[in-house]
Amino acid sequence: MILSAGNEEIFSFARPIGIGLIDCAINLTRIALFDRPDSFIFIGSAGSYNPKKHKIFDIVTSSSASQVEISFLKKESYTPIEQIITANVSRETIINSSNYITTDKLSALAFDKLGMEIENMEFYSVMKVAKEFNIPVKGIFVITNYCDTTAHKQYLENIKKAKTILIDYLKEKGYIK
């Protein structure tokens, strides 16, 4: 089953599950309980923490997610929850998730140094639900912005083209016709 967040990221072939960690978890749990798909493929946009690693319109695939907040980087908080979830044993790009978009360049680089290369608001929830229900999962993301003070402006300027690039990639790889 192909999934997307919604709002600007609506696709005719994908089921929207909500924006952010909470709505995504609630709606995806309903899907796992009542529709029980063979697998989840979550598609969407992402921000790059390090422009040297991932540039605008790059495609990134992963089955690894984290949920680390800026306050953790600043040693202002801790968490008892599992911070990194991976569905594969191979080294993949770790997608960091938060209900907030990173707009501080130094924080973005700090995330990158910890091994998290891009951010997407929903993917940690997708991974957590998939793990709970033992459903194979993969994320496919297109970079729409860098994580800096112009992140939202870049996203708005790039999302239309990014969606086209993502659709072309999905067709090329045989996920959709």
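Reader: Leaving aside its neighbours within four places in sequence, with which residues is G47 in contact?

Author: A contact list shows which parts of a chain meet in space. In this predicted model, G47 is in contact with E117, I118, E119, I143, N145 and C147, once its neighbours within four places in sequence are set aside. G47 itself lies in strand β3, residues 40-48. One of these partners, I143, is 96 residues from G47 along the chain, yet their C-alpha atoms are separated by 5.6 Å.

Reader: Is G47 buried or exposed?

Author: Burial is read from the relative accessible area, and the cut-off for buried is under 20%. G47 has a relative accessible area of 3%, so it is buried.

Reader: E117 appeared among the contacts of G47. Where is E117 found, and with which side chain does its own side chain make a polar contact?

Author: For a residue of this kind, one reads the position, the burial and the polar partner together. E117 is found in strand β8, which comprises residues 116-119. With a relative accessible area of 12%, E117 is buried. Its side chain makes a polar contact with the side chain of H54, at 2.6 Å.

Reader: Which residues does T93 touch, not counting those up to four places away in sequence?

Author: Here the contact list is read for a loop residue. T93 has its place in the loop between β6 (84-86) and β7 (94-96). Residues touched by T93 are H54, V60, S62, S64, E117 and I118, with those up to four places away in sequence not counted. H54 and E117, whose side chains make the polar contact described above, are thus both touched by T93. T93 is buried, its relative accessible area being 14%.

Reader: How many aromatic pairs does the structure hold, and why is the pair of Y49 and F111 stacked?

Author: Two values are read for each pair: the distance between ring centres and the angle between ring planes. The structure holds 5 aromatic pairs. In the pair of Y49 and F111, the ring centres are 4.8 Å apart and the planes stand at 25 degrees, and the pair is therefore stacked, since planes under 30 degrees apart count as such. This pair links distant parts of the chain, with Y49 in the loop between β3 and β4 (59-62) and F111 in helix α3 (residues 105-113), 62 residues apart. Both Y49 and F111 are buried.

Reader: What is the geometry of the aromatic pair formed by F123 and F141?

Author: The pair of F123 and F141 is edge-to-face, with 80 degrees between the planes and 5.1 Å from centre to centre. Distant parts of the chain are linked here too: F123 is in helix α4 (residues 123-132) and F141 in strand β9 (residues 137-146), 18 residues apart. F123 counts as buried, at 0% relative accessibility, and F141 counts as buried at 0% as well. Ring pairs also link F42 with F123 and F141 into a cluster.

Reader: Why is α4 largely enclosed by the rest of the structure?

Author: For a whole helix, one counts its buried residues. In α4, 7 of the 10 residues are buried, so the helix is largely enclosed by the rest of the structure. The buried residues are F123, Y124, S125, V126, M127, V129 and A130.

Reader: Which residue with a positive phi follows α4?

Author: A positive phi deserves a check when the residue is not a glycine. N134, whose phi is positive, follows α4; the value is about 55 degrees, although N134 is not a glycine. N134 has its place in the loop between α4 and β9 and is exposed, with a relative accessible area of 66%. F57 also has a positive phi, near 75 degrees. F57 is found in the loop between β3 and β4 and is partly exposed, with a relative accessible area of 21%.

Reader: Which charged end sits over the ring of F11?

Author: Here one reads the distance from the charge to the ring centre. The charged end of K163 sits over the ring of F11, 5.3 Å from its centre.

Reader: What volume does the largest pocket have, and which residues lie nearest its centre?

Author: A pocket is described by its volume and its lining. The largest pocket has a volume of about 380 Å³. Its lining has 19 residues, of which E9, S45, I101, M121 and Y155 lie nearest the centre. The elements that give two or more residues to this lining are β3, β9 and α5 (151-172).

Key: Residues are numbered from 1 along each chain as its sequence is written. This is a predicted model: local features need pLDDT of at least 70, side-chain atom pairs count only at pLDDT 80 or more; totals for chains, interfaces and linings use all residues. Side-chain values use heavy atoms; hydrogens and water are left out. Helices (H or I, at least four residues) and strands (E, at least two) are DSSP runs, numbered from the N terminus. Buried means under 20% relative accessible area, exposed over 50%, partly exposed in between (1.4 Å probe, protein chains only). Contact means heavy atoms within 4.5 Å. Rings of Phe, Tyr and Trp (its six-membered ring) pair if their centres lie within 6.5 Å; planes under 30 degrees apart count as stacked, over 60 as edge-to-face and the rest as tilted. A charge sits over a ring if NZ of Lys or CZ of Arg is within 6 Å of the ring centre and within 35 degrees of the ring normal. A polar contact is a pair of N or O atoms within 3.5 Å; within protein, one must be able to donate a hydrogen and the other to accept it, and residues adjacent in sequence count only if both atoms are side-chain atoms. On a 1 Å grid over the protein atoms alone, a cavity is a set of points where a 1.4 Å probe fits but cannot get out, and a pocket is an open set with protein on both sides within 12 Å along at least five of seven lines; lining residues have an atom within 4 Å of a point. Grid points are joined across faces, edges and corners, and a volume is the space filled by probe spheres set on the points.
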